[in-house]
Amino acid sequence: MAKKDKSRQKKFDTRIDFTPMVDMNMLLITFFMLCTTMLKSQTLDLVLPTNQDVNKEEETKIKESDAITFILDGNVNTDKNGNVSSTDSKIYYYDGQPDMENFTLNDIKFGNDKDAIRGMLQKRNKELLDQVNKLKAEWKKGALTDSAYNAKVREAREKQAEDLNAKRPIVVIKPTANACYADVVRMLDEMQINQISTYQIESLNKQDSTLYEHKVGHPLTAAVPAKAAPAPAPAPAPAQ
């Protein structure tokens with residue numbers, strides 16, 4: 001009878017129970033879900049009209065005193081390839097109702113100077129900008145979170161809109177047919193930078209057209225003369 005081989009090792013079961021690992025993964029997923037900041041949706045803040053009763057006379061008076069109308073204009077140029085573009089930006093403005101007696105239409109430009117667009121809007125909206133700057137300083141120090149800062153800014157803008165005695169510029173943007181698209185976008189940027197909550201884009205009416213005609217010297221419907229494309233250089237004479 002053959003002897004039993006005693007050197008052969010005993011086989012063990014190599015199966016691993018992954019149940020505890022699954023439980024640990026679920027705990028880790030739960031931990032990261034609770035501690036991770038989710039992506040915040042980008043929304044546009046809207047300032048709703050006030051519920052306060054205002055008679056027509058007071059409403060008209062407030063709008064006239066706070067309104068600023070900007071007229072965007074430019075020159076239309078045509079290059080040698082026939083492409084039409086608007087350059088040489090020109091911006092005019094008037095306060096309140098148009099002055100049809102003196103035909104007052106003021107020149108203005110982009111910039112941070114006190115006589116430029118940003119400087120003028122900052123001066124007229126100083127009360128709200130001071131509040132926003134204080135909130136921004138607290139946010140930079142870490143005293144306010146992003147959501148708390150945005151909520152407080154929105155609250156300050158809504159409070160300003162509801163206060164009939166508060167100084168708040170109401171901006172009306174009126175581009176002409178010769179206005180540059182980039183100037184319209186830049187004006188909208190100025191509304192956001194200077195916390196202007198009430199603004200709109202409109203077409204020029206009859207009074208605006210009259211002011212424009214007295215200012216620039218030609219009717220609004222007339223096309224601004226385009227700069228002629230340079231004549232091509234003559235071909236060199238053939239060598240003799």
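The following exchange concerns a predicted model of a protein.

Visitor: What pattern do the helices and strands follow along the sequence?
Guide: The predicted protein has seven helices and five strands. Read from the start of the sequence, these elements give the pattern α-α-β-β-β-α-α-α-β-α-β-α.

Visitor: What percentage of the contacts between residues at least 6 apart in sequence join residues at least 24 apart?
Guide: Of the 240 residues of the protein, 27% count as buried. Where contacts between residues at least 6 apart in sequence are considered, the share that joins residues at least 24 apart is 65%.

Visitor: What part of the accessible surface belongs to carbon and sulfur atoms?
Guide: The accessible surface of the protein comes to about 18,200 Å². The part that belongs to carbon and sulfur atoms is 54%.

Visitor: Is valine 171 buried or exposed?
Guide: Valine 171 is found in strand β4, which spans residues 170–175. Setting aside residues up to four places away in sequence, valine 171 touches Ile68, Phe70, Leu121, Met191, Ile196, Thr198, Tyr199 and Gln200. The relative accessibility of valine 171 is 0%, and buried means under 20%, so valine 171 counts as buried.

Visitor: How many Å apart in space are valine 171 and phenylalanine 70, C-alpha to C-alpha?
Guide: Phe70 is among the residues that valine 171 touches. The two are 101 residues apart in sequence, while their C-alpha to C-alpha separation in space is 7.5 Å.

Visitor: Why does aspartate 73 have no salt bridge with lysine 90?
Guide: Aspartate 73 lies in strand β1 (residues 67–78) and is buried. Its nearest side chain of opposite charge is that of lysine 90. A salt bridge needs a side-chain nitrogen within 4 Å of a carboxyl oxygen, so this pair does not qualify, its separation being 6.0 Å.

Visitor: Which side chain joins that of aspartate 73 in a polar contact of 2.8 Å?
Guide: Leaving aside neighbours within four places in sequence, aspartate 73 is in contact with residues including Asp88, Ser89, Tyr92, Thr176 and Tyr212. The polar contact of 2.8 Å is made with the side chain of threonine 176.

Visitor: How many residues apart in sequence are the parts tied together by aspartate 95 and arginine 124?
Guide: A search of the whole structure finds five salt bridges, and one of them joins the side chains of aspartate 95 and arginine 124 at 2.9 Å, N to O. Aspartate 95 lies in strand β2 (residues 84–95) and arginine 124 in helix α3 (residues 117–124), so the pair ties together parts whose separation in sequence is 29 residues.

Visitor: Is arginine 124 buried or partly exposed?
Guide: Its salt-bridge partner, aspartate 95, has a relative accessibility of 37% and counts as partly exposed. Arginine 124 has a relative accessibility of 28%, and buried means under 20%, so arginine 124 counts as partly exposed.

Visitor: Which strand contributes aspartate 107?
Guide: Lysine 215 forms a salt bridge with aspartate 107, the closest N and O atoms being 2.7 Å apart. The pair links distant parts of the chain, 108 residues apart: lysine 215 belongs to helix α7 (residues 206–216), and aspartate 107 to strand β3 (residues 106–108).

Visitor: Is aspartate 107 exposed or buried?
Guide: Lysine 215 is partly exposed, with a relative accessible area of 32%. Aspartate 107 has a relative accessible area of 51%, and the class of exposed residues begins over 50%, so aspartate 107 is exposed.

Visitor: Are lysine 174 and aspartate 208 buried or exposed?
Guide: The side chains of lysine 174 and aspartate 208 meet in a salt bridge of 2.4 Å, N to O. Lysine 174 lies in strand β4 and aspartate 208 in helix α7, so the pair ties together parts that are 34 residues apart in sequence. Lysine 174 and aspartate 208 are each buried.

Visitor: Why is the pair of phenylalanine 31 and phenylalanine 32 called edge-to-face?
Guide: A search of the whole structure finds three aromatic pairs. The ring centres of phenylalanine 31 and phenylalanine 32 are 5.4 Å apart, and planes over 60 degrees apart count as edge-to-face, so the pair takes that name from its angle of 70 degrees.

Visitor: In which loop is glutamine 195 found?
Guide: Most residues other than glycine have a negative phi. Glutamine 195 has a positive phi of about 55 degrees although it is not a glycine. Its place is the loop between α6 (181–193) and β5 (199–201).

Methods:
Residues are numbered from 1 along each chain as its sequence is written. This is a predicted model: local features need pLDDT of at least 70, side-chain atom pairs count only at pLDDT 80 or more; totals for chains, interfaces and linings use all residues. Side-chain values use heavy atoms; hydrogens and water are left out. Helices (H or I, at least four residues) and strands (E, at least two) are DSSP runs, numbered from the N terminus. Buried means under 20% relative accessible area, exposed over 50%, partly exposed in between (1.4 Å probe, protein chains only). Contact means heavy atoms within 4.5 Å. Accessible areas come from the Shrake-Rupley method with a 1.4 Å probe; for residues, only the protein chains shown count as cover. Rings of Phe, Tyr and Trp (its six-membered ring) pair if their centres lie within 6.5 Å; planes under 30 degrees apart count as stacked, over 60 as edge-to-face and the rest as tilted. Lys and Arg count as positive and Asp and Glu as negative; His and the chain ends are not counted. A polar contact is a pair of N or O atoms within 3.5 Å; within protein, one must be able to donate a hydrogen and the other to accept it, and residues adjacent in sequence count only if both atoms are side-chain atoms.
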